[in-house]
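Biologist: I would like to learn how to read strand pairing and backbone angles in a model. Where should we begin?

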Amino acid sequence: MKNRKRSLITVVLCITLLGSLFLTSCEVLDIADSAGDFLGSLENRFEFIIDAIGDIGSNNPKDYDDYDEYDNFYGYSTDTVSPDFYYPDEYTDVKDPMPDFPYETEEYEEQIVDIGSSHGLEYTLNNDACSYSLTGIGTCTDTHVIISSHCNGLPVTAIADSALSNCLLIYGVTIPDTVTSIGRYAFIHCDNLESIEIPDSVTSIEDKCFEFCYSLTSATIGNGVTCIPYQMFYDCNNLESITIPTSVDTIERNAFYNCTSLSNVYYNGSSTDWNNITIKSSEDLNILNSCVRFRNWETIY
C-alpha cells in the first residue's frame with residue numbers, strides 16, 4: 001500500500017516538473033522572439049540612418065520617384081524633369097521658381113529679300129512698320145553688295161547710321177531706287193570701295209557718309225539731293241571724278257577735304273547754275289579748282 005502511494009506521488013511530481021519545464025520553455029521562446037524582433041528593428045533603423053547620411057552628402061536625390069515632396073516644393077513633377085537636371089546644393093525656404101526645362105528658343109526667321117540681292121545683310125523694321133532700313137553687313141560676304149529693294153514684302157527706304165561702316169571686303173555697292181535716305185557714317189572706312197552711284201530717289205544724306213574711303217575713285221550723286229553734307233568725302237584722296245546734279249544748292253564744309261586727286265566735276269547744269277551753289281568752306285579748294293564740265297559741254301578750269 002505504501003509503495004502505491006509513493007509511486008503516485010512520484011508520478012504527480014514528474015507531471016508537475018514537466019509542466020513547469022514546458023511553461024518555462026514557452027516563456028524563453030517568447031523572450032527570444034521579442035529579442036529577435038527588437039534586433040531586427042534596430043537593424044532596419046541603422047539601415048535607414050545610413051541611407052539618410054548618404055543622401056545628405058549628395059547634391060542630387062538618388063531616387064527621383066521618392067522625392068515627390070521636394071519636387072512639388074519647387075513646382076516640378078518628376079515626370080517632366082530630366083534625370084540630368086541639376087538640383088540646388090541646399091534646400092532653402094526661398095520659393096524662387098527654377099528655370100523652365102527644356103529651354104524654349106525662338107526659331108530665327110530668315111528675311112525674304114529680292115532675287116539677285118545680297119543675302120545675309122541685316123534689315124530692321126522702321127518705326128512706321130511699313131518699311132525697312134539696312135542696318136548691318138550681317139553674314140554677307142559679297143565683295144559687291146546689292147541692297148534689296150524689299151524685305152519681307154515691304155520697301156527698304158533707308159541705309160542706317162554706320163550700316164556698312166568698316167566693311168573692308170566691299171569693292172562696290174548697288175543702292176535700289178526705293179532708298180530715300182543714307183545715314184551718318186554709313187560707309188565710313190570702307191577702304192576698298194571703288195565707286196558709288198546714289199540713285200535719284202535719295203533726298204537726304206547725313207554727314208561723313210563716305211569719309212576715309214581711300215580707294216574711292218568715282219561718285220555719282222542723284223537728282224534728289226540738294227545738299228552735299230559736311231565731310232561727305234573727307235580724305236578720299238583717290239577720288240578722281242564726281243557727278244553733281246542741278247538739284248544741289250549747297251556744299252557743306254570740308255565735303256571734299258583732302259580730295260587731292262579730284263580733277264573732273266561733271267555738273268548737269270549751266271555755269272550760271274554752278275555759280276549759284278553755296279560752297280561753305282574755302283578749304284574745299286579741290287572742288288573749287290577742279291575742271292568743271294557742264295551739261296552744254298562748256299568747260300571751266
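Modeller: With a definition: two strands pair if DSSP finds at least two bridges between them. The model here is predicted. In it, T250 stands opposite T278 in β15. T250 belongs to strand β13 (residues 250-251), which is joined to β15 by two bridges, and the two strands run parallel.

Biologist: In what order do the strands of this open sheet lie?

Modeller: Strands of a sheet pair through backbone hydrogen bonds, either parallel or antiparallel. Here the open sheet has three strands in the order β11-β13-β15, with parallel pairing. At its edges stand β11 (227-228) and β15 (278-279); each has a single partner strand, so one side of each lacks a neighbour in the sheet.

Biologist: How many helices and strands does the chain have?

Modeller: The chain has four helices and 17 strands. Of its 301 residues, 35% count as buried.

Biologist: Now the backbone angles. Which sign of phi do most residues other than glycine have?

Modeller: Most residues other than glycine have a negative phi. S162 has a positive value, with phi near 60°. S162 sits in the loop between β5 (154-159) and β6 (172-174). F212 also has a positive phi, near 65°, and lies in the loop between β9 (204-205) and β10 (218-220).

Biologist: Why does S162 count as partly exposed?

Modeller: Partly exposed covers the range between buried, under 20% relative accessible area, and exposed, over 50%. S162 counts as partly exposed because its relative accessibility is 33%.

Key:
Residues are numbered from 1 along each chain as its sequence is written. This is a predicted model: local features need pLDDT of at least 70, side-chain atom pairs count only at pLDDT 80 or more; totals for chains, interfaces and linings use all residues. Side-chain values use heavy atoms; hydrogens and water are left out. Buried means under 20% relative accessible area, exposed over 50%, partly exposed in between (1.4 Å probe, protein chains only).
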